[in-house]
Amino acid sequence: MTSTTPPDVWLPFPADSVPGLPDGIRPLFWDGGEQFPADPADCAFYVVPYMKGPEISVRPLAGMRSVRVVQTLSAGIDHVEPALGLLPDGVRLCNAKGVHEASTAELTLALILASLRDIPGFVRGQEAEEWRSGFYPALADKSVLIVGYGSIGSAVEDRLTAFECARIARVARSPRTTARGPVQTLDDLPELLPQADVVILCTPLNRSTRGLVDAKFLAAMHDGALLVNVARGQVVDTGALLAELESGRLRAALDVTDPEPLPRGHPLWHAPHVLVTPHVGGSTSAFEPRAKRLIAGQLTRFVAGEPVENVVRTTG
């Protein structure tokens, strides 16, 4: 930066709690409160508050006439993307690649294992003092399909390798080859879905994935298969999924839902063979230190005039 006036930087953490912040910035704390910390027109680098919802995330954007970087602390950008038209040309939108992979992959494996081994049933049995012995499905020897093979999908496979799966298939927007094998495209789903015992959704939410998991997608899954969603709720048609769950044909483990938060009385809460967690894939003890390292590194590059990382969109 060449200006003699330090640029305003809006952070969702107090500046003294973020190790490694560079000199040459004016850090201002804003975590979605009613009052802005300063005039949004003077903000050059905006770190979006985490898990505060789209309305709060985009509220200052219309006034940010000098902003050059918008940094989310989530892997997805769908909560800010619709408002990018409010910004000047050339603003770089960056996601939080590197922050959530470990935690989300951990939860993915926890959901799979809990669903297959019926851990919720054992908890209910403990509460009722019932000894629910028997044989239960294992992850070993299962065929797994990962839909959305970015950094989170890859991290999920890193952890799956220890569980002796019979096969792991990968799907992403574009085909490629990895050290572990080929990545196929969404067009290949009709062939891959009937072969999968476990289907894991890790894909971002965009025009090509909104409603991707519809009645046709679900019908292609074989009887007894497990759908795991750690992506976004709107990737799945909730009505179509409910129909399959209530018929008893499929199982599901959902960290995200549509609607979200899932309201009281919604049929997903009590549908058979479904496990619901409240969008906590990235909300762990690993989040804050990794998020702060990302912020410090991005701002160091910004102040030095170097390219920031994790750029997923540039306005204009």
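**Salt bridges and unusual backbone spots**

The count here comes to 11 salt bridges, a salt bridge being a side-chain nitrogen of Lys or Arg within 4 Å of a carboxyl oxygen of Asp or Glu. Before we walk through some of them, please keep in mind that this is a predicted model, in which local features need pLDDT of at least 70, side-chain atom pairs count only at pLDDT 80 or more, and totals for chains, interfaces and linings use all residues. Residues are numbered from 1 along each chain as its sequence is written, and side-chain values use heavy atoms, with hydrogens and water left out.

Let us start with the charged pairs. Side chains of opposite charge can pair when their charged atoms come close. Asp78 and Arg232 form one such salt bridge, with 3.1 Å between the closest N and O atoms. This pair links distant parts of the chain, 154 residues apart: Asp78 sits in the loop between strand 4 (69-71) and strand 5 (92-94), and Arg232 in the loop between strand 11 (226-229) and helix 7 (238-247). Helices (H or I, at least four residues) and strands (E, at least two) are DSSP runs, numbered from the N terminus. Asp78 is partly exposed, at 22% relative accessible area; on this scale buried means under 20%, exposed over 50%, and partly exposed in between (1.4 Å probe, protein chains only).

Next comes Asp158, whose salt bridge with Arg180 has its closest N and O atoms 2.7 Å apart. Here too distant parts of the chain are linked, 22 residues apart, with Asp158 in helix 4 (residues 151-160) and Arg180 in the loop between strand 8 (176-178) and strand 9 (181-185). Asp158 is partly exposed, with a relative accessible area of 37%, and for Arg180 the value is 37%, also partly exposed.

Arg301 pairs with Glu309 in a salt bridge at 3.5 Å between the closest N and O atoms, and Glu309 is partly exposed at 42%. Asp223, Glu244 and Arg249 are linked in a network of salt bridges.

Now to the backbone. Most residues other than glycine have a negative phi, and most peptide bonds are trans. Met51, not a glycine, has a positive phi of about 55° and lies in the loop between strand 3 (43-47) and helix 1 (54-58). Asp118 also has a positive phi, near 55°, in the loop between helix 2 (101-116) and helix 3 (119-127).

Finally, look at the loop between strand 12 (251-254) and strand 13 (274-276), where Pro259 is found. A cis peptide bond joins Asp258 to Pro259, with omega about 10°. Pro261 lies in the loop between strand 12 and strand 13, and a cis peptide bond joins Glu260 to Pro261, with omega about -5°.
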